[in-house]
Amino acid sequence: MANIIMFAILAAVIICSAIFSVMTKSIMRAVTALLFVLFAIAGLYFLLDYTFLGTAQLSIYAGGMTMIYIFAIQLISKRRLQGLKEKIDFKRMTVAALVALVGFVTVVVAQLKSEFFEKFCSVDDVEVPMEKIGNTLMGADKYQYVLPFEFISLFLLACIIGGLVVSRNQKEDK
């Protein structure tokens, strides 16, 4: 029962922080909310006793990605950030809420038609062996994840190089 309560708390933190991250116009607030999302996702991994994935989430995403975002924020001129005021546009917010509600209902209906809830609520405690998880994460076959990890690393390298080029061009302009 405690696991379900913790899951509900972490899910609420993820949803609220993600919505706040998208809705705010302040870049620093958006990055801070994104950091809370990443921490809560790491909490879900720890709740599932996947300590390796939780630690990787904290160190790679919560640490590394947030540093990249803050580095990008520092490249933005302060003049552009000073005049920003947050205004709530209720028309756009209503349309976004309706689209989100339609998406939520679609996901719930799809999950109710599948066997997800039956397996989730079952008493059988089936544990996936760590060898299978390792082979899935580091394998190159179908439904294995080493290639997406490599593409993500290349993408992050391109972001870092792009940030360095932009900062170098700003220094040359001054």
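## Exercises on an all-helix chain

Of the 174 residues in the chain, 16% are buried. The model is predicted, so let us begin with how far to trust it.

**Exercise 1. Find where confidence in the chain is lowest and where it is highest.**

Solution. Start with the whole chain: its average pLDDT is 79, and 83% of the residues score at least 70. Next, go down to single elements. Helix H4 (residues 78–82) has the lowest confidence, with a mean of 56. The highest belongs to H1, at 91. Finally, a word on reading such scores: where pLDDT is low, the predicted coordinates should not be read in detail.

**Exercise 2. Describe the order of helices and strands along the chain.**

Solution. First count the elements: there are eight helices and zero strands. Then read along the sequence, which gives the pattern α-α-α-α-α-α-α-α. Now turn to contacts between residues at least 6 apart in sequence. Of these, 53% join residues at least 24 apart.

**Exercise 3. Compare the span of helix H1 with the expected one, then work out which residues of H1 are buried and how they are arranged.**

Solution. Step one is the span. H1 covers residues 2–23, 22 residues in total, and its first and last C-alpha atoms are 31 Å apart. That is close to the 32 Å expected at 1.5 Å a residue.

Step two is burial, for which the cut-off is under 20% relative accessible area. Leu10, Ile14, Ser17 and Ser21 are the buried residues to look at in H1. Viewed down the helix axis, the buried residues of H1 lie within an arc of 80°, so they line one face of the helix.

Step three is the partner: these buried residues pack against helix H2 (27–47). On the face of H1 turned away from the buried side, you will find the exposed residues Ile4, Ile15, Cys16 and Ile19.

**Exercise 4. Decide whether Cys16 is buried or exposed, and find its distance from Val37.**

Solution. Begin by placing Cys16: it lies in helix H1. Its relative accessibility is 53%, and the cut-off for exposed is over 50%, so Cys16 counts as exposed. For the distance, take C-alpha to C-alpha: Cys16 and Val37 are 8.7 Å apart in space, and 21 residues apart in sequence.

**Exercise 5. Say what stands out in the phi of Asp49.**

Solution. Locate Asp49 in the loop between H2 and helix H3 (51–75). Recall the general rule: most residues other than glycine have a negative phi. Asp49 is not a glycine, yet its phi is positive, about 65°. As for accessibility, Asp49 counts as exposed because its value is 63%.

**Exercise 6. Describe the second largest pocket and its lining.**

Solution. Take the volume first: about 610 Å³. Next comes the lining, made of 18 residues, with Tyr45, Phe52, Leu53, Leu137 and Phe149 nearest the centre. Last, ask which helices contribute. H3, helix H7 (130–138) and helix H8 (146–173) each supply at least two lining residues, and H3 gives the most, with six.

Notes. Residues are numbered from 1 along each chain as its sequence is written. This is a predicted model: local features need pLDDT of at least 70, side-chain atom pairs count only at pLDDT 80 or more; totals for chains, interfaces and linings use all residues. Side-chain values use heavy atoms; hydrogens and water are left out. Helices (H or I, at least four residues) and strands (E, at least two) are DSSP runs, numbered from the N terminus. The expected span of a helix is 1.5 Å times one less than its number of residues. Buried means under 20% relative accessible area, exposed over 50%, partly exposed in between (1.4 Å probe, protein chains only). The arc is that of the directions from the helix axis to the C-beta atoms. Contact means heavy atoms within 4.5 Å. pLDDT is the predictor's confidence in each residue, from 0 to 100. On a 1 Å grid over the protein atoms alone, a cavity is a set of points where a 1.4 Å probe fits but cannot get out, and a pocket is an open set with protein on both sides within 12 Å along at least five of seven lines; lining residues have an atom within 4 Å of a point. Grid points are joined across faces, edges and corners, and a volume is the space filled by probe spheres set on the points.
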